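Reader: I have a structure to look at and would like to know what stands behind the words used for it. Could you go through them with me?

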Amino acid sequence: MHRILVTGGAGFIGSNFVHHLVRQTDHHVTVLDKMTYAASREAIDELPADRVELVVGDIAEAETVNPLVARADAVVHFAAESHNDNSLHDPSPFIRTNLIGTFTILEAVRQHGTRLHHVSTDEVYGDLDLADPKRFTEDTPYNPSSPYSASKAGSDHLVRAWVRSFGLRATVSNCSNNYGPWQHIEKFIPRQITNVLDGIRPRVYGDGLNVRDWIHADDHSSAVLRILEQGEIGETYLIGADGEKNNLEVVRLILKLMGRPEDAYDQVSDRAGHDRRYAIESGKLRHELGWTPQFQDFEQGLAEVIEWYRSREDWWRPHKDATEQKYAAKGQ
Ligand code: NAD
Ligand code: TDX
């Protein structure tokens, strides 16, 4: 049995990964999470106490990180400030957590010789034109657009430099847009589902033709575990499930699945620097590590997520007014 330290394990994807580890392995999991506005204790608190332990703390504080890394066999690093819109309003926590935090993890892992997997995003590659047939690959040059994606790009560069300069045993993954239960209602899909539940018309930025490459969080988790177990040290793997859809298509599908007219949405002011299209070519992960996504039917996955938000109003309701007030202040 191994001890795995999962940073950000009370967030949307990190908590999904902790469940995946408990189901698929016999590892003991220590979650290190600062419990920011984006975290939920409920997402992991029903897991068995002899398998999962939560340590509330900051990845940017070496005195917190070092002893936890010292007793871990591997670190899987999800913790981040993760919302582009927030990074446009105030980039500072993104710099602290995503850059200083990752640096702090790297130094601890270097000191203890611990295996690390760093979780990142396809946004580090910038965006593609709608008319461009290309997709991102592991060789696409970095070209981030927002403070969030620039901070994630910087964190990836730090990991790569620590691998090359210090021989760190690390892998990196860059995944496309996730959907699933427990995603904060500031994000596109849960914001629109909870808007419809509240009788508010969904809000689409700009012309709504921006494309995101959707993957279910369960598939992201299975890919990360596969890379942790079988990935080649020093390598980067792109994770995606061929789920390209533009925002209007997604909003229309949400409205249809929720029994509303498909044009019952509003177009609002665009996000500054809004990336046009993301698209992942995940052939390396599929061919070299034999990974395949389980959620192939976006409509069915989305229908399940809508039902989840319908049944978990107790979880999202306390955050709804404050989240919508932040958007309203920007006319979005
Ligand atoms: P999230 O915002 O839901 O969760 C982030 C978690 O990190 C929260 O629990 C938060 O409390 C914790 N955290 C934040 N700052 C911390 C700090 N200083 N110390 C300790 N914990 C801290 O984010 P998410 O959507 O689950 O994303 C998780 C990771 O996956 C991030 O690294 C993100 O860049 C990456 N990613 C996300 C997506 C997506 O679509 N959401 C896609 C690709 C990659
Ligand atoms: O109300 C909205 N209306 C809207 O049109 C919101 C919140 C978003 N959008 C658009 C912006 C994007 O084109 O929907 C798309 C998705 O937006 P987000 O959910 O904010 O995701 P995105 O900015 O694409 O980033 C996400 O995927 C990559 C995650 O938040 C990141 O953490 C991850 O790295």
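Author: What follows takes the overall fold, the two ligands and then the empty spaces. Please note that this is a predicted model.

Reader: What makes the chain agree with a compact globule?

Author: The chain has 332 residues, and for that number a compact globule would have a radius of gyration near 20 Å; the value here is 19 Å, so the two agree. The C-alpha atoms fill a box of roughly 55 × 45 × 35 Å along the principal axes. Within the chain there are 11 helices and 13 strands.

Reader: Which residues come nearest to ligand 1?

Author: Ile13, Asp33, Ser82, Tyr148 and Lys152 come nearest, out of 28 residues around ligand 1. A residue is counted there if one of its heavy atoms lies within 4 Å of the ligand.

Reader: How do you know that ligand 1 has a polar contact with Thr36?

Author: A polar contact is a pair of N or O atoms within 3.5 Å. An oxygen atom of ligand 1 is 3.0 Å from a polar backbone atom of Thr36, so this pair meets the cut-off. A nitrogen atom of ligand 1 lies 3.0 Å from a backbone N or O atom of Ile59. With Thr97, a polar side-chain atom is 3.0 Å from a nitrogen atom of ligand 1. On its own, ligand 1 has 830 Å² of accessible area, and the protein covers 97% of that area.

Reader: Which element gives the most to the shell around ligand 1?

Author: That is β5, with 3 residues. At least two residues each are supplied by α1 (12–24), β5 (115–121) and α5 (147–166). By class, the shell around ligand 1 holds 13 nonpolar, 11 polar and 4 charged residues.

Reader: What makes Glu123 a polar contact of ligand 2?

Author: The test is again a pair of N or O atoms within 3.5 Å. In the side chain of Glu123, an N or O atom is 2.7 Å from an oxygen atom of ligand 2, so the pair counts as a polar contact. The side chain of Asn247 has an N or O atom 2.9 Å from an oxygen atom of ligand 2, and for the side chain of Arg271 the distance is 2.6 Å. Of the 660 Å² of accessible area that ligand 2 has on its own, the protein covers 95%.

Reader: How many residues surround ligand 2, and of which classes?

Author: There are 22 residues around ligand 2, and the closest are Glu123, Tyr148, Arg191, Arg271 and His274. They divide into 6 nonpolar, 9 polar and 7 charged.

Reader: Now the empty spaces. Why is one space called a pocket and another a cavity?

Author: A pocket is an open set of points, whereas a cavity is a set where a 1.4 Å probe fits but cannot get out. The largest pocket has about 270 Å³ of space. It is lined by 14 residues, and Asp85, Asn86, His89, Asp90 and Lys326 lie nearest its centre. Two or more lining residues come from each of α3 (84–89), α4 (92–112) and α11 (313–329). The classes in this lining are 4 nonpolar, 4 polar and 6 charged residues.

Reader: How many cavities are there?

Author: The count is 3 cavities of 30 Å³ or more. The second largest cavity has a volume of about 80 Å³, which is above that cut-off. Its lining includes Asn84, Glu123, Ser145, Arg271 and Tyr278. By class, the lining has 2 nonpolar, 6 polar and 4 charged residues. Glu123 therefore has two roles in this account: an atom of it is within 4 Å of a point of the second largest cavity, and its side chain has a polar contact with ligand 2.

Key. Residues numbered from 1 in each chain as written. Chains lettered and ligands numbered in written order. Predicted model: local features only at pLDDT ≥ 70, side-chain atom pairs only at ≥ 80, totals over all residues. Heavy atoms only, no water. 1 Å grid on protein atoms, 1.4 Å probe; cavity = no way out; pocket = protein on both sides within 12 Å on 5 of 7 lines; lining within 4 Å. Points joined across faces, edges and corners; volume = space filled by probe spheres on them. Helix = DSSP H or I, 4+ residues; strand = E, 2+ residues; numbered from the N terminus. Nonpolar A, V, L, I, M, F, W, Y, C, P; charged D, E, K, R; others polar. Polar contact = N/O pair within 3.5 Å; in protein donor to acceptor, adjacent residues only side chain to side chain. Areas by Shrake-Rupley, 256 points an atom, 1.4 Å probe, with all protein chains shown as cover. Rg over C-alpha atoms; globule rule 2.2 N^0.38 Å.
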